[in-house]
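Biologist: Before we begin, could you show me the structure, and then take me through how its features are read?

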Amino acid sequence: MKKKKVQWFWSWVIGSVILRLILLYFPKNLNLSSRPEVSTPLTSLRRLAEGYWLKQSSVSPYAGSMYHGSPLLLTLLGPLTVTRVEGQPDHLLCSLVFVIADVICAMLIRAAGEKLQVAYSSRLQFLGLHNLSENSELLPSGDFAALVYLWNPFTIVACVGLSTSAIENLMVVLSLYGACSRLTPLAAFGWVMATHLSLYPAILIIPVILLLGYGPDAPPRKLFWQRKNLDVGNSTSSDSCSEEEAKNQLKMAHVFSWRLVVLFLFWTLLWSSYVLVLCGIYVQQYGGLQELFKRTYGFILTIQDLSPNIGVLWYFFAEVFDFFRNFFLIVFHGNILLMIAPLALRLNHRPCFLAFVYILISSMLKSYPSVGDSALYLGLLGLFAYELKDMQFSFFLFSGYVGVSLLSPVMHNLWIWRGTGNANFYFATAIAYACFQIILVVESVSAMLNHDRMLTKLYTAKLQNVKS
Amino acid sequence: MLAASAEEEFSEELLLKPLPDRKILAHFHFRNEAPLAADSFARHHHLFPKSISQLVQKFHIKAMELSFTQGRWNYERWGGFDPISSHNAKPPGVELWAVFDVPQHQVDASWKNLTHSLSGLFCASINFLESSTSYSAPEWAFQSALGSLRYGTLPREAVCTENLTPWLKLLPCRDKAGLSSLMDRPSIYRSFYHSQRLHLIMPTAVSDGSKSGIILEQTLTVVLQPNNQKASMNHVGETKIQPSWSLSSIFGRKISGRCVLAKLSNIYLHFERGLVTQLDNLQKKSSKFAANDTGLTWKHPVVWSSSHAPLYASRFLMGSGNERGAIAISLKSTEMTKGLVSANNVEERCKLQVNVLQIVPWYVKVYYHTLQLLVDERPQVLADFVERMRVSPSEDKVSPGVMELVLQFPCEMKSAVLSIEFDKGFLHIDEYPPDANQGFDIPSAIISFPDFHAGLQFCEKSQSKSPLLSKLQERSPVLSYTEVLLVPLTTPDFSMPYNVITITCTVFALYFGSLLNVLRRRVGEEERLLKNKDAKKAVFLRRMLNKLSAKLRGRPSESTPSPPSSSSSPFVSPKLILRVLMVAGIAVAWQYYSQ
C-alpha cells in the first residue's frame, strides 16, 4: 500500500513537470512573463536581463530603475538569459532552472512535512491520544503539500512566467526544512539567502529559532506539563521503560536547546558575511554596498514603482498625498512587524505554522506581491491540512481565490488594453484578494487555536478518566 | 578705447524660396554682433540686446540655441540636405541647448538658472527644463566637441505671439521698421511651419583663444501657402502652375523701408538646383520687382524636387494597450544614397555613418537589451552595424534615458529599422499634467550624418560679406529630427484619493483587528479561569510576570508559590527609572536627528 502511494505521488510530480514543459513550449510563454500578477519589478526576468545587459556594457546593473534584485541572482541567471538554444524557446534554460527550483522546493516541503508528521504523531501518542495520531497519519500531509505546491496554478503560472520568485520560495523552504531536520547550516543558509533575495523573509528568523529550540510543531506545551505532573503523581503505576521515553519526550518538549540556536546564529553570521562579501566584490566599482542596499532594499521599502500588481499598495501610493507618503510607508511596514510578537507568543509551540502565518502576512502586505508568494503559502497550507480540517469558510475562500484569479486578468484587460474600465476595477479585485487573504490568515490561526483547544479538552477529559 | 575697434553690427536679411509643393519658405535672418569687453557686464550696448549679454556674462555661456517651433518640417518635400533644413528645421515645441564655460559640477546649476531666466525673457515655460527629468547631457551624437552641453526639449509647448514679441524686442528696430515689419502675426501663425530661433555663439579670437565677442543670430523660418484665389479657381490641369506671390500677398504687409540701424538689409530669392535647370530649359524666368514688394509670377508649370538627406528618418510606435510598446526608428534610403552607390562603385566598400540620439522620459521604461536592427527587413546582429553605443538608462523621477548610437550602414542598404521595447510607467496622480488622457510626448530623436555636409556654393564671391550667405555656405553636418511621439499612459482615477485611502486603511484595520481578536479570544474554561484570576486582581500582574519569567526559564509555573501582594509598591522602582530614562533617551535622539 505504501509503495503504491509512493508511485502515485511520483507520477503526479512527473505529470506536473511535463505540464510545465508543455507550457514552456507555447509561443512567447503565453505572454505570462509580462503579466502584472507574475512579474513584479522585483521578480521579472526581463528586468534581470536588462540588468545583465547593462552590466555587460560596463554600466552598473542598478543604473536606471530597471533591476532591483540581488547581484548573486544576476550572476546565476544573467548568462542564461542571453544563451539561446537553436530551435528552442528563448528563455528555455532559465525556465528549466525555475522548473528544477519548483521540484526541489516541493521535495523539501514533502521532507519537512514527513518530519513534522512523525514528530507530531509521536507527541500525540505520548499524550495518549492514539486515535488522533492515527487520524493524522492517515493523511500524508507532506505528499499532499508537495502536490498542492506543484499543481497550484499560481506556482505553474509563476514558473512558466519566468518569475524569480521560484528561487526565493526555494530559499524560504530550504530554511524551514533545515530547521525541521535540525541542520543549522542549511537553515541559516536558507534564511540568509531568502532575506537577501526579498527582504521580507527576515521575520522568519523567529519561527526558525523556535523550530531549532523547541523542535517541530507539537500540541500545547501545557499538556506536557500536566502529563509530567500526572507522571509524578502516579509514577508507581507506569513501567520504567515508558517513563524513560516520557522523560526524553518531555525534555524535547520543554528544553529550549540553546546550543542549536547559537549554532544557527553563528552560521547566519557566517553566511551573511559571505553573501555580503560576494555582493561587495560584485558592486565594488558601482558605488559599493550602500548603493546596492539603496537600490534593492530601499526600492522594496519605499515602493517607488507604482505599476499595478495584485497587492493594494501600488494604487494606494499612486493616490495618496505626498506629505502622507512616509507616514503610510511606516504604517504598512509596521503592520507586518506589529503582529510578529502576538503571533509568536500564542503559537510558539507550532513554529512551522507560525512560519506559514508570517509568510502569509508578509505576502499580503509586501510592497510588490506576486502570485509566486501566494503559491508558497498555499503549498505550506497543505502541511497543516489535518489540523486545519475544521477551518471555517474554506469553500468560500476557495471560490474567492478562484473568482479573484479569474476576474483580476479580466479587469486588467478592461483597464489597460481596452480602456473601457478604469483603475478602480482592477483595484477592486486587488482589495478583494487582500480580503480573502485576511480571512485565510484569521481563519487558519483561529482553526489552529481551536484545534489546540480541542486537544486540551480531550486530554483533560482523559486525565479525569484516569484519575477517577 | 580698445573695444571700440570692433563695432557693434546688425544686419537683417530675408531669404525667399519657392518649395516644390507650391509653398513658400521665408527665412528671416538677423545677426547682431557685439565686441566683448572684460568689464562689459554693466556696459551699455548700442544695438546688442543688454538682456542677452547679461545672460551670457552671468551664466558663462559658450554657445546656446533656443528655438520655438510650431508644425513639423516636411523633410520629404521641403528638403533635408540644405543648410536651412539642417539648421532651422527644429522639433515642435521648445528646444534648448547650451554649452557652459564652467567647471563640471556647476553646469547643472547654471543650466537651471539659465532656464529660469529664459523662461522669464520669452514668456514660455522653459523653466520646466529645470527639472533633471527633462534635460540630459548627450556626449557625442549631437553638437560634439563643444564641452559641457545640456540639452532639453519641451515638445508640448504651445508657441504663440507672446513668444514672438519678446524675441522681436531683441532687434534694434523691433518690428517697426525693416524686414521685421513684415511679420504680420496672423499670417505667421497661419503658416504650415514656423520656427523662431535664437542662436548665441562666442567666437574665439584666433590670436589668443579668448572670446572676441558675442554673435546673436535670430532667425524666423516660415513655410507659407501663398494665398492665391486664382489658382484655386483654375482647372485641374492648370493647378500644377506654382502660385504667384509677392511679399504683400503672403505676409499681408509691405516693407516700409529698411531698418536704419542695420548695416545690411537684403532680400534673397533662392532657387534650388533642380529648379534652376528647369528654368534654364524653359528660358523664361519671370519675376516682378515692385518697390519693396518682391514677388514671383509663374507662367509655366514647373516640377522639381528638393535634395534629400542620405536617409529619410521617421519614427513610430508599435504595440497597443497601455502596458508596453516599442519605439521604431526607420531609415529609408533616398535618391541621394543611390547616387552614392553609383559614384563609389569603384571603392571597395562605401559606408554610411549615421548618429542617432534618442532621449526618452523616465516614464517610458526602455529595455535597452531589446534593441533590434532590421536591415532590408532582415534581422541583423547589432554588433555588425553599431560602431559605438552609449546608454545612460533612465532613473525613475530623476533622469531621462539617453541612447546614443553611431551606426555604419553599407550604402546599398534600402531600409533599416531600429526598434526598442519599453514598458509604460505608472505615475503618482500629482505627476500627471492637467490633460492626462491626451498622452505624453517622447521628444524627437536626432539623426545626423557626420560624413555629409550641407553647404551651398555660390558662384559670386562678392556676396560673401552677407552673414546669411556665409552661414549658408558654412559646412555643417546634415541633421534631421524625427517626429514627436505621443504615448498614452494609463491614468488612475483622479477623483478617488480619499476613497482609496479609506478603503485600504479599512481593509488593513480589519486584518489587524480580527487577527488580534482571534489571538486573544478565550472560550469555555479559559474564560472561567480568567474570572478566577480577576478575583485576585491585585496579584494578577505579578503572577503574569512570574509566569512569563518561569516560561522563559523553561520551568513550570505551577510550582512557584504565589507571592505576597507587594507588587504595588509606592517607591520608585528601578523599572520606572528605566522607563523614564528610555523616554528621555528617545527625546534626546529625536532632538538630535531632527536638527
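Biologist: Which residues of chain B does the UniProt annotation "transmembrane region" cover?

Modeller: Bear in mind that this is a predicted model. According to the unreviewed UniProt entry, the annotation "transmembrane region" covers residues 498-519 and 576-593 of chain B.

Biologist: What are the helix and strand contents of residues 498-519 and of residues 576-593 of chain B, and how far apart do the end C-alpha atoms of each span lie?

Modeller: Residues 498-519 of chain B are 100% helix and 0% strand, with 31 Å between the end C-alpha atoms. Residues 576-593 of chain B are likewise 100% helix and 0% strand, and there the end C-alpha atoms lie 26 Å apart.

Biologist: How should I read the side of chain A that touches chain B?

Modeller: The size of an interface is often given as the accessible area lost when the parts come together. Here I can offer residue contacts instead: 48 residues of chain A are in contact with 42 residues of chain B. Among the elements that give two or more residues to this side of chain A are α2 (45-56), α16 (313-319) and α21 (394-418), while α22(A) gives the most, with twelve residues. By type, the residues on this side of chain A are 31 nonpolar, eleven polar and six charged.

Biologist: Is Met448(A) buried or exposed?

Modeller: A residue counts as buried if 20 or more other C-beta atoms lie within 10 Å of its own. Met448(A), placed in helix α22 of chain A (residues 423-467), is buried because 24 other C-beta atoms lie within 10 Å. Beyond its neighbours within four places in sequence, Met448(A) is in contact with Leu347(A), Arg350(A), Phe353(A), Glu387(A) and Leu388(A). Of these, Phe353(A) is 95 residues from Met448(A) in sequence, yet the C-alpha to C-alpha separation is 8.6 Å.

Methods: Residues numbered from 1 in each chain as written. Chains lettered and ligands numbered in written order. Predicted model: local features only at pLDDT ≥ 70, side-chain atom pairs only at ≥ 80, totals over all residues. Helix = DSSP H or I, 4+ residues; strand = E, 2+ residues; numbered from the N terminus. Buried ≥ 20, exposed ≤ 12 C-beta atoms within 10 Å, placed from the backbone. Contact = placed C-beta atoms within 7 Å. Nonpolar A, V, L, I, M, F, W, Y, C, P; charged D, E, K, R; others polar. UniProt positions renumbered as here; feature names shortened; annotations may be inferred.
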